[in-house]
Amino acid sequence: QEWKPRDPLPTLLEGDPEAIQVLCDSLNFKSQYTSGVLSFSPEETALINASPGMKDAILEDFKAFAFAGVPDDCRQFLAVEHTHTGRLEVHYLIPRVHLESGKYRNPPNYDGSKGKGKNHGFIEENDAYIDHACLKFGLQNPRDPAIARPLKVEPFDPQTVTKRQVNRAVTELVGSGHITCREDIERFLKQAG
């Protein structure tokens, strides 16, 4: 219950926080900005730190994706580096406005739909970018099954046993090569009932 300054403190990589705040506050859109984080493992952090210019190249590559089709002089972008967790995190914020026209701007391929199962195009495009960036910069793909996290089931979930059994079965089928894609998982689950 005590506030402690982060050690090391966050570092501003790009953008003017005050100007971005004024811009976002001036928008009368429901969603005034998009924010997110580019998070790297400790091993990736060591690689990035040992490779001069790599962090900047990753950031430039990400901006090319996030601002696809938007001229450089119409891009407002804020990036802050955090390393207090022992790994690199780049938190970003992008105002949802096209500066030249003043019109609302969605992230690439985002149709505005919310909720589970929505925005397939956005998710596919985002996943494609992750695959591209990981391959281009020699980073670990977070969607690689070899580094998947173990199943997390809430302690009092009445379906705990079933979820663990399904997870174990699917994991074994992936490991044996019988499941190679999402459609295979869906087929397996339908056949299992």
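How far apart along helix H3 are Lys63 and Glu60? That was what I wanted to know when I opened this predicted model. They are three residues apart in H3, which means about one helical turn separates them.

**Entry 1: the Lys63 pair**

I looked up the contact itself next. Lys63 and Glu60 make a salt bridge, and their closest N and O atoms sit 3.0 Å apart. The two ends have their own surroundings: Lys63 is buried at 9% relative accessible area, while Glu60 is partly exposed at 45%. I noted that the cut-off for buried is under 20%, so Lys63 qualifies with its 9%. The pair is not on its own, as Glu14 joins Glu60 and Lys63 in a network of salt bridges.

**Entry 2: other salt bridges**

I asked for the total over the structure and got eleven salt bridges. A reminder to self on the principle: side chains of opposite charge can pair when their charged atoms come close.

I wrote down two more of them. In helix H6, Arg182 meets Glu186 with an N to O distance of 3.0 Å. These two are four residues apart in H6, so again about one helical turn lies between them. Arg182 is exposed, with 59% relative accessible area, and Glu186 is partly exposed at 34%.

The other one joins Arg75 to Asp72, with 3.5 Å between the closest N and O atoms. Here Arg75 is partly exposed at 26%, and Asp72 is exposed at 63%.

**Entry 3: the largest pocket**

Then I turned to empty space. Rolling a probe the size of a water molecule over the atoms shows where empty space is left.

The largest pocket comes out at about 1,100 Å³. It has 39 lining residues, and those closest to its centre are Val37, Leu38, Ser39, Ile130 and Pro142. Which elements supply at least two residues each to this lining? I found strand E2 (33–39), helix H2 (42–50), helix H3 (54–66), strand E4 (89–95) and helix H4 (120–137). H4 has the largest share, with seven residues. Sorted by class, I get 23 nonpolar residues, eight polar and eight charged.

**Entry 4: the second largest pocket**

This pocket has a volume of about 740 Å³. I count on 20 lining residues here, with Arg143, Pro145, Val170, Val174 and Ile185 nearest the centre. H4, helix H5 (160–176) and helix H6 (182–192) are the elements that each give two or more residues to the lining. Of these, H5 gives the most, namely five. The class split is eleven nonpolar, three polar and six charged.

I jotted down that H4 turns up in both lists of contributing elements. H6, which holds the Arg182 and Glu186 pair, is on the list for the second largest pocket.

**Entry 5: a closed space**

Next I checked for cavities. How many are there of 30 Å³ or more? There is one, and its volume is about 40 Å³. Its lining is made of Leu38, Phe40, Ile48, Lys55, Ile58, Leu59, Leu88 and Val90. By class, seven of these are nonpolar, none is polar and one is charged. H3 supplies the largest share, three residues. I also noticed that Leu38 lines this cavity and is among the residues closest to the centre of the largest pocket.

**Entry 6: cysteines**

As a reminder, a disulfide is a covalent bond between the sulfur atoms of two cysteines. I searched the whole structure for them and found zero. Cys24 is in none: the nearest cysteine sulfur belongs to Cys74 and is 16 Å away. The cut-off for a disulfide is 2.5 Å between sulfurs, so 16 Å rules Cys24 out. On accessibility, Cys24 is buried at 6%, and Cys181 is partly exposed at 30%.

**Entry 7: confidence**

Last, I looked at how far to trust the coordinates. The chain has a mean pLDDT of 88, and 93% of its residues reach 70 or more. Which elements have the lowest and the highest mean pLDDT? H4 is lowest at 86, and strand E3 (residues 78–82) is highest at 97. My rule of thumb stays as it was: where pLDDT is low, the predicted coordinates should not be read in detail.

Definitions and conventions:
Residues numbered from 1 in each chain as written. Predicted model: local features only at pLDDT ≥ 70, side-chain atom pairs only at ≥ 80, totals over all residues. Heavy atoms only, no water. 1 Å grid on protein atoms, 1.4 Å probe; cavity = no way out; pocket = protein on both sides within 12 Å on 5 of 7 lines; lining within 4 Å. Points joined across faces, edges and corners; volume = space filled by probe spheres on them. Nonpolar A, V, L, I, M, F, W, Y, C, P; charged D, E, K, R; others polar. Salt bridge = Lys/Arg side-chain N within 4 Å of Asp/Glu carboxyl O. Buried < 20%, exposed > 50% of the residue type's maximum accessible area, 1.4 Å probe, protein only. pLDDT = per-residue confidence, 0-100.
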